[in-house]
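Please examine the sequence and the structure shown here. The report after them concerns the ligand and the internal space of the protein.

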Amino acid sequence: MNKTEILAMTPLKTIIKALEDQYVVHRFWENPDVEKYGANIRAIATNGPTGVSTTVFEKLPAVEIISVFGVGVDAIDLAEAKRRGIAVTTTPGVLTDDVADQALALLIALSRQIVAGDQFVRTGNSAWSTFPLTRRVSGKKAGILGLGGIGKALARRLLALDMAISYTNRKPANVPYRFEPNLEKLAADSDFLIITASGGGSSRHLVNARVLDALGPNGMLVNVARGSVVDEEALISALENRRIAGAGLDVFDDESKISPKFFTLNNVVLAPHAASGTVETREAMGNLVLGNLAAHFAGEPLVTPLF
Ligand code: 8YV
């Protein structure tokens, strides 16, 4: 029997071999000319930030399923997928703890200047040399933007640090934290503003210059969600002019070419969109991508369908 043809949008390093064992895998990043081979593609495998562009999507008339290696679906035209009766699956649950861990790690690294301290020691300073004082984390006020599974997992971690937790969300959740519907007010009342909201049109540039000014010169921003939630120009200006104290960023506006302006700032801690990037989680995510594709082509119920 001929192998089913699928399209991988990005290298998906941990599962590409398994995919290639079972399917004819067209590698979009090496061969983006989908007109030439798109007619027989029955599935798309992609990750959260890459999704699939509308122009590629419309050149794939036979697609039945999009299996996402991640939870974000902001880079996929979901309405069009629904209209065409295409199933979409993600990898919910398995990355929640890692992303919450990364948010906490960035928050502490930023506030306690862990990266600068490492550089300080590596460049020959003794432990008795004077390193600038940092800012306490425990007992501070945290504002969480987006209280889904990841936001809640983060809140649990922050409770262990005796933080007072408030959040902005589309609607109040059944949690013992303070709901603040106004993001500017949340920022004004927070030492740390942490973004765990979904990306996409409805959250685009929610964190703008006004919100950053409300966070203020002692406030710090952490983003493990999507670069698009923040107005990046406004953020860079606020960081350059010390209108906020600092930012810990795992995500950026253009992740294929991160703005070099960040590299000259000493009040940022940067990570390469690595929040879900542990061996354990990437293995679990890969298994879900493979499992969803296998279930679909076996005519069985999908493991983790979005729809
Ligand atoms: C990426 C993510 O999928 O889940 C998401 O939406 O952004 C990440 O987990 C992961 O980095 C793979 O590229």
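The sections below cover the basis of the model, the ligand site and the cavity.

## Basis of the model

This is a predicted model, in which local features need pLDDT of at least 70 and side-chain atom pairs count only at pLDDT 80 or more, while totals for chains, interfaces and linings use all residues. Residues are numbered from 1 along each chain as its sequence is written, and side-chain values use heavy atoms, with hydrogens and water left out.

## Ligand site

The ligand is surrounded by 13 residues, a residue being near when one of its heavy atoms lies within 4 Å of the molecule. Among these 13, F69, V71, G72, R226 and H273 come nearest. The shell consists of five nonpolar, six polar and two charged residues; Ala, Val, Leu, Ile, Met, Phe, Trp, Tyr, Cys and Pro count as nonpolar, Asp, Glu, Lys and Arg as charged, and the others, Gly among them, as polar.

Oxygen atoms of the ligand have several polar partners. A backbone N or O atom of G72 is 2.7 Å from a ligand oxygen. From the side chains, a polar atom of H273 lies 2.8 Å from an oxygen atom of the ligand, and a polar atom of S276 lies 2.9 Å from an oxygen atom of the ligand. Taken alone, the ligand exposes 330 Å², of which the protein buries 89% (Shrake-Rupley method, 1.4 Å probe).

## Lining by class

The residues N223, G227, V230, E232, L235, L249, V251 and F252 line the largest cavity. By class, this lining has five nonpolar, two polar and one charged residues. A cavity is a set of points, on a 1 Å grid over the protein atoms alone, where a 1.4 Å probe fits but cannot get out; lining residues have an atom within 4 Å of a point.

Key. A polar contact is a pair of N or O atoms within 3.5 Å; within protein, one must be able to donate a hydrogen and the other to accept it, and residues adjacent in sequence count only if both atoms are side-chain atoms. On a 1 Å grid over the protein atoms alone, a cavity is a set of points where a 1.4 Å probe fits but cannot get out, and a pocket is an open set with protein on both sides within 12 Å along at least five of seven lines; lining residues have an atom within 4 Å of a point.
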